[in-house]
Amino acid sequence: MTENRKPKTENMPYYITTPIYYVNAEPHIGHAYTTVVADALARFHRLLGEEVRFQTGTDEHGDKIMEAAAAAGLPVKEFVDQISGRFRQSWDDLDISYDNYIRTTDPAHMQVVAGVLRRVHESGDIYFGEYGGLYCFGCECFYLERDLVDGLCPDHKTAPTYLKEENYFFRMSKYQDWLVDFIHTHPDWIRPERYRNEMLAFLKEPLEDLCISRPKSRMDWGITLPFDDRYVTYVWFDALINYLTGLDYPKGELYKKFWPAQHLIAKDILKPHAIYWPTMLRAMGVAPFTNLNVHGYWQMAAGKMSKSLGNVVEPRTLAARFGIDQVRYFFLREMVFGLDAHFSEAALTSRINADLANDLGNLFARSLGMAFKYRQGVVPSVGTTDPLDREIVEAFESMAADFLRLFPAMEFGKALSRLWECIGLLNRFIVASAPWELAKQPEAAGRLDTVLYHLLEGLRWIAALLKPVMPGSAAKMSQQLGLGPALWDQPLPQALTWGRLAPGTQLAKGPALFPRIEAEEKAGA
């Protein structure tokens, strides 16, 4: 089969996906981070004027799902409905603007998976055979000896069980040479680079074919193979195809418009996405995804966050306590994309109080307060100018250019750091200009007008750029600046032209944007 890879053009549709989350347990902040990043990117590309489709959802088949449902004393379908509903509610609580929420128990998805299996089987790339190997029930996959760490599963730290059974296999090894060549000729396809290098190192060894089924005698909660009703398909050959079924593959208009995708994943599912998925796509005759974007883990005091360690943090609880936008900002500012980061409530509290309450919150409150005190809450015209004014404009123009480059490259911390440099600049501008002294001098009225205008226009730029990160807070800022949703009527590059805040605009009063988290409310890591 041949692939149809669309040439990249400017302003082409943008399709961003999270993994579909496994519903054997509740959502945690690792899931939330991935989803907030995807949401921020979706919102950013919408603000550029692009057509965007953002998909998330849940993976609901497999051994672990059956075990978790049995432990909960519920029928499997009732259990997956409950947990999937909690994921959806968590994303709604975090202001996630997904366009499609897909479930692997959706009839449309199951039908497409069956069709794909049938076609790949008919092409000869799926065959029946016997396999014996070391099986981890936690990962639901076989391991080679070389993949184990001290004889244990690298993720679950348990000894795998030797299992021998007849199953169906996908001829993944057939596509190894193609995959290695593709990775070499598309150096930014898997990013950051460390994960590309990890996969190339893995591919130096011969690929084994992929077991894609489980006998119903052992596990019957899955999609029945269309060519052998004694078996269900293995979780990855079911789950990965969600990225296509959510676009009405193979004939839907959404598929024609939005594929290929930007995939966003955590590093624990790197191999299935970097090796299984592209070889599956190749066998199907579908173009490879655009990029695989891989992030690290949130580390807790006890190490990597995990259910078994009992150190899972629920995102809904966090957002309810600290604020939706505060949590979103912390995620994007604190973690360098691709690396691990440390999470603690103390670090979150510090970010909220220092960056949001002190730096941005105080700047916004002081600037609007002075506009109301000295100009009755009306945006003044620019009057007497000073070299300081030009420094402000140039700093904002340079920052915005950097932000528009860094944010889509997933350098969120750097983009926000540049934005906060301008917040600091405006705070220093207030001290240097001393509006309270200018207000005492009638002859300095023109200079006071200019200082207030630059503060308010700078805040307009800040609100415009913060919309993907903190949508609720950006909307409140724009409302108080007298602009409302109109701030984002034009694509960001056009909106970020200095001087677009019209003199005579009536400002509005509002509560503090970011209340401080008081000492007695702080909790440990």
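Helices and strands are DSSP runs, numbered from the N terminus, and contact means heavy atoms within 4.5 Å. The legends below describe close-up views of a predicted model.

**Figure 1. Helix α6 and the elements that cover its buried residues.** Helix α6 comprises residues 193-202, and within this helix Y195, R196, M199 and L200 are buried. Seen down the axis of α6, these buried residues fall within an arc of 140°, so they line one face of the helix. What covers them includes two helices, α5 (176-185) and α10 (270-284), together with the strands β7 (190-191) and β13 (291-295).

**Figure 2. The cis peptide bond that joins R191 and P192.** Omega of this bond is about 0°. P192 has its place in the loop between β7 and α6, so this view can be read together with that of Figure 1, where β7 is among the elements that cover the buried residues of α6.

**Figure 3. The cis peptide bond from Y249 to P250.** Here omega is near 10°. The loop that holds P250 runs between helix α8, residues 242-245, and helix α9, residues 253-258.

**Figure 4. Helix α3 and its buried side.** Helix α3 is made up of the 18 residues 76-93, which at 1.5 Å a residue should span 26 Å, and the distance of 26 Å between its end C-alpha atoms agrees with that expectation. The buried residues of α3 are V76, F79, V80, I83, S84, F87, S90 and W91. Around the axis they cover an arc of only 120°, which puts them on the same side of α3. Among the elements that cover these buried residues are the strands β1 (14-22), β2 (52-59) and β3 (100-103), as well as the helices α1 (29-47), α2 (63-72) and α11 (315-322). Just after α3, the residue D95 takes a positive phi of about 60°.

**Figure 5. The largest cavity and its lining.** The count comes to 1 cavity of 30 Å³ or more, and the volume of the largest cavity is about 30 Å³. Its lining is formed by G62, D63, Y135, E140, R214, M219, Y234 and V235. By residue class, this lining divides into 4 nonpolar, 1 polar and 3 charged residues.

**Figure 6. D150, a residue other than glycine with a positive phi.** The phi value of D150 is near 55°, and the residue lies in the loop between strand β5, residues 141-143, and strand β6, residues 161-170. With a relative accessible area of 75%, D150 is exposed, because the cut-off for that class is over 50%.

**Figure 7. M410, a buried residue with a positive phi.** Although M410 is not a glycine, its phi is positive, at about 70°. M410 is found in the loop between α14 and α15, the latter covering residues 412-433. The relative accessible area of M410 is 5%, and this residue therefore counts as buried, a class that requires a value under 20%.

**Figure 8. S398 in helix α14.** Helix α14 takes in residues 387-406, and S398 has its place there. The relative accessibility of S398 is 36%, so this residue counts as partly exposed. In sequence S398 and L360 are 38 residues apart, while in space they are 19 Å apart, C-alpha to C-alpha.

Conventions: Residues numbered from 1 in each chain as written. Predicted model: local features only at pLDDT ≥ 70, side-chain atom pairs only at ≥ 80, totals over all residues. Heavy atoms only, no water. 1 Å grid on protein atoms, 1.4 Å probe; cavity = no way out; pocket = protein on both sides within 12 Å on 5 of 7 lines; lining within 4 Å. Points joined across faces, edges and corners; volume = space filled by probe spheres on them. Nonpolar A, V, L, I, M, F, W, Y, C, P; charged D, E, K, R; others polar. Helix = DSSP H or I, 4+ residues; strand = E, 2+ residues; numbered from the N terminus. Expected span 1.5 Å × (residues − 1). Buried < 20%, exposed > 50% of the residue type's maximum accessible area, 1.4 Å probe, protein only. Arc of directions from axis to C-beta.
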